[in-house]
Amino acid sequence: MELTETNRDHSGLHNLAFQNDSDDGVDDTNLKGLGGNLQRIKNSQHKKTVHTDQGDEYINIESDLHENKRASVDDEQPRLKGHLEKRYDEVCEFCKAYKTRIHYVVYGILITAYFAVVIAACSLNFQRALLLFVITVLAIIFICWDFLIAKYEDRIAAFFSPGDQYLKKQWFWLKWVLCVIPIIIIICWLIFDTTKQGSRQLISFGGLVMYVLLMLIFSKYPTRVAWRPVFSGIGMQFILGILILRTKVGFDVFNWLGIQIQTFLEYSDTGAKFVFGDKYTEHFFAFKVLPIVVFFSTVMSMLYHIGFMQWLIGKVGWIMHVFMGTTPVESLVAAGNIFVGQTESPLLVRPYLPYITKSELHAVMTAGFSTIAGSVLGAYISFGVSSSHLLTASVMSAPASLAASKLFWPETEKPLVTLRSGIQMAKSESKNLLEAASQGASTSIGLVANIAVNVISFLSLLSFLDSALSWVGNLFDYPQLTFENICAYVFMPFSFMMGIDWEDSFIVGGLLGYKTFFNEFLAYERLSKLIQNRERGGSMYINGVKQYMTVRSEVIATYALCGFANFGSLGLVIGGLTSIAPSKKKEIADGAFRAMIAGTAACFMTACVAGMLTVPGLEVPCHILLGNASNFTDFLANSTQLIECCQHLFTSANHSEKIFSGGNYSLNSWKVCCQILGQPAFHCT
């Protein structure tokens with residue numbers, strides 16, 4: 001016996017009872033089966049009814065939508081297009097067909113107009129249009145480079161492949177030559193430079209060697225250190241330092257960049273003045289410094305949206321990857337930290353973070369600790385710290401971070417992410433430039449609030465610690481005991497080995513303590529006060545306490561403090577990276593403290609290189625220096641600074657130049673110079 005098939009029509013299922021009555025050949029078993037089917041169908045219909053009762057509104061909406069759709073389909077009928085509509089369709093079809101050519105024509109017109117403007121500006125006044133000319137030339141070079149690499153990369157690689165194969169065959173002895181020659185050059189340079197500038201550069205060189213040895217001794221795997229990233233990173237520091245600090249062109253370029261950045265950041269005063277009133281500078285930090293962070297964050301977000309930051313970071317990262325042999329992820333993050341913060345730069349390579357090795361992760365964190373963000377760079381410049389030295393420190397610390405990282409945690413695994421993987425940086429999520437600007441301003445809210453609350457809390461905590469330590473010291477007849485004094489004694493040897501004068505190393509040691517245990521904001525704020533004291537002049541010691549440092553010590557301290565390596569940033573890095581790469585949570589927690597130490601050492605190495613290359617200049621203004629010298633009968637007659645000041649004084653008088661404003665040079669200053677130089681000219685008569 002077989003169960004009869006249930007028939008369906010357009011209205012649904014037939015009533016099974018009628019079907020059973022009309023079918024005499026169905027036995028009891030089939031009736032039971034049919035009864036079961038009937039019961040299941042009734043249950044399902046009951047459920048549908050209940051569902052319909054509970055969701056009448058939903059079904060009505062659905063039915064309305066279907067009816068509207070059928071009505072709209074029925075209403076669609078072919079109609080004749082008008083003449084204007086036909087012409088419009090023809091234009092659209094033409095634009096679609098020749099879209100590429102139209103783009104080329106528009107770009108050609110715009111580029112031609114731009115070149116016409118450049119030529120006209122250079123013709124009118126080339127000196128005034130020099131910046132525009134330089135930017136245009138650099139843009140042409142990089143655009144041509146990108147075009148050639150994109151179109152002829154395989155041909156270029158094939159052209160250089162014989163040389164690459166030759167280098168691989170001869171690499172065993174060639175690597176030793178490449179290591180020995182730079183060492184010989186550095187030694188010879190130190191000898192000649194020491195005879196010319198003095199022996200203070202040798203202390204900085206000894207400090208650099210000391211930090212490298214300390215990093216090697218406490219390395220995670222001392223026997224597996226790859227020395228190419230270490231030596232090439234230090235070599236890149238030297239090259240950048242020589243170009244910027246020792247060549248007139250490089251110094252002028254970075255000095256000009258620093259002036260332009262200062263001018264650019266002053267535009268934030270307009271917004272601060274509108275919001276906080278004309279007397280906004282009375283609350284300098286809150287209403288002058290913090291608006292700079294907002295303004296700079298907005299600009300960086302806009303540059304990131306148009307792709308300029310990704311392009312620039314990619315070029316810098318590619319240079320470090322080629323010269324240092326580091327992986328693409330490490331190189332891009334290190335390059336990104338020159339411009340953005342320690343939690344923003346890993347976002348550039350966010351998709352690849354779950355696949356990086358422990359050494360690469362350590363390098364990513366070290367790069368964040370050894371550099372500062374562009375947004376806070378503007379705040380430090382507003383304190384009065386040298387903008388050119390801050391820019392130089394930011395650039396030099398990028399290769400130093402990779403060198404210190406690969407020395408402190410060498411690579412022991414095979415990296416999975418390489419250039420062959422087709423690594424790409426993340427793009428901006430904003431849809432247009434205005435949205436990017438708004439997002440940048442909104443993003444800075446957290447940064448500004450974080451800076452403000454940290455400064456408030458840390459200054460309050462520091463005041464409490466100083467009071468408590470002074471109370472403890474008073475019990476032992478040493479009431480001047482403070483947190484700064486303790487840090488000064490701890491960090492004094494490190495600051496002295498950077499090349500800082502011995503009498504200034506105590507002050508710089510305290511600044512390093514502020515930076516390490518609190519943050520670099522407090523350290524730079526204290527350094528700015530020392531710079532202001534020197535510029536105002538006056539007595540160097542008051543009640544046995546030194547009021548300002550030499551210019552050389554200020555410069556080296558600027559490089560040593562230029563990094564986020566402090567305990568406050570430690571928690572920030574762990575939390576930020578864990579949210580980006582949750583699968584690496586354990587590795588991040590294990591390596592964060594070592595990365596902070598490596599970042600601190602990288603800043604110290606950069607300061608050592610700056611100490612080797614910094615040329616000593618006039619420490620205080622000449623009229624103050626000569627005024628102080630005239631108050632002492634035992635002044636050093638062979639002082640280089642005094643001789644330079646006196647030579648400038650007499651030379652200016654011979655040429656009838658106005659050498660000072662307001663007649664700062666006294667008669668005693670002239671007498672001092674006459675004694676030093678033995679000048680027989682009319683000035684001494």
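Which residue follows α21, and what is the sign of its phi? The residue is Gly 537, and its phi is positive, near 80°. That value comes from a predicted model, as does everything below.

Start with the chain as a whole. The protein chain has 685 residues, and 38% of them count as buried. Its secondary structure comprises 27 helices and four strands. Take the contacts with a separation of 6 or more: 74% of them join residues 24 or more positions apart. The accessible surface of the chain is about 39800 Å². Carbon and sulfur atoms hold 64% of that surface.

Now go back to helix α21. It covers residues 520-536, 17 residues in total. From first C-alpha to last, α21 reaches 24 Å, close to the 24 Å expected at 1.5 Å a residue. At the start of the helix sits a polar contact from Asn 519. A side-chain oxygen of Asn 519 comes to within 3.2 Å of the backbone nitrogen of Phe 521. Phe 521 is itself one of the buried residues of α21. The buried set also includes Glu 520, Leu 522, Ala 523 and Tyr 524. Further along, Leu 527, Ser 528, Leu 530, Ile 531, Asn 533 and Arg 534 are buried too. What do these buried residues pack against? Their partners are the helices α12 (284-305), α16 (374-383), α17 (387-408), α18 (433-475), α20 (502-517) and α22 (551-560).

One of those partners, α17, holds Ser 394. Ser 394 counts as buried because its relative accessibility is 4%, under the 20% cut-off. Its side chain reaches the backbone oxygen of Leu 390 at 2.9 Å. Beyond residues up to four places away in sequence, Ser 394 touches Ile 338, Thr 371, Ile 372, Leu 377 and Cys 562. Ser 394 and Ala 373 are 21 residues apart in sequence, and their C-alpha atoms are 8.6 Å apart in space.

A second serine can be read in a similar way. Ser 268 lies in helix α11, residues 268-276. Is Ser 268 buried or exposed? Ser 268 counts as buried, because its relative accessibility is 5%. Leaving aside neighbours within four places in sequence, Ser 268 is in contact with Pro 291, Ile 292 and Phe 295.

Turn next to the aromatic rings. A search of the whole structure finds 26 aromatic pairs. One of them joins Phe 567 and Phe 593. The ring centres are 6.5 Å apart, with 35° between the planes, and the pair is tilted. This pair links distant parts of the chain, with the two positions 26 residues apart in sequence. Phe 567 belongs to helix α23 (residues 567-580), and Phe 593 to helix α24 (residues 585-613). Phe 567 counts as partly exposed because its relative accessibility is 37%. Phe 593 has a relative accessible area of 43%, so Phe 593 is partly exposed. Both rings belong to a cluster linked by ring pairs. Its other members are Tyr 211, Phe 458, Phe 483, Phe 491, Phe 494, Phe 517, Phe 518 and Phe 604.

Charged side chains meet rings as well. Lys 220 lies over the face of Trp 409, at 5.0 Å from the ring centre. Arg 594 lies over the face of Phe 408, at 4.1 Å from the ring centre.

Methods
Residues are numbered from 1 along each chain as its sequence is written. This is a predicted model: local features need pLDDT of at least 70, side-chain atom pairs count only at pLDDT 80 or more; totals for chains, interfaces and linings use all residues. Side-chain values use heavy atoms; hydrogens and water are left out. The expected span of a helix is 1.5 Å times one less than its number of residues. Buried means under 20% relative accessible area, exposed over 50%, partly exposed in between (1.4 Å probe, protein chains only). Contact means heavy atoms within 4.5 Å. A polar contact is a pair of N or O atoms within 3.5 Å; within protein, one must be able to donate a hydrogen and the other to accept it, and residues adjacent in sequence count only if both atoms are side-chain atoms. Accessible areas come from the Shrake-Rupley method with a 1.4 Å probe; for residues, only the protein chains shown count as cover. Rings of Phe, Tyr and Trp (its six-membered ring) pair if their centres lie within 6.5 Å; planes under 30 degrees apart count as stacked, over 60 as edge-to-face and the rest as tilted. A charge sits over a ring if NZ of Lys or CZ of Arg is within 6 Å of the ring centre and within 35 degrees of the ring normal.
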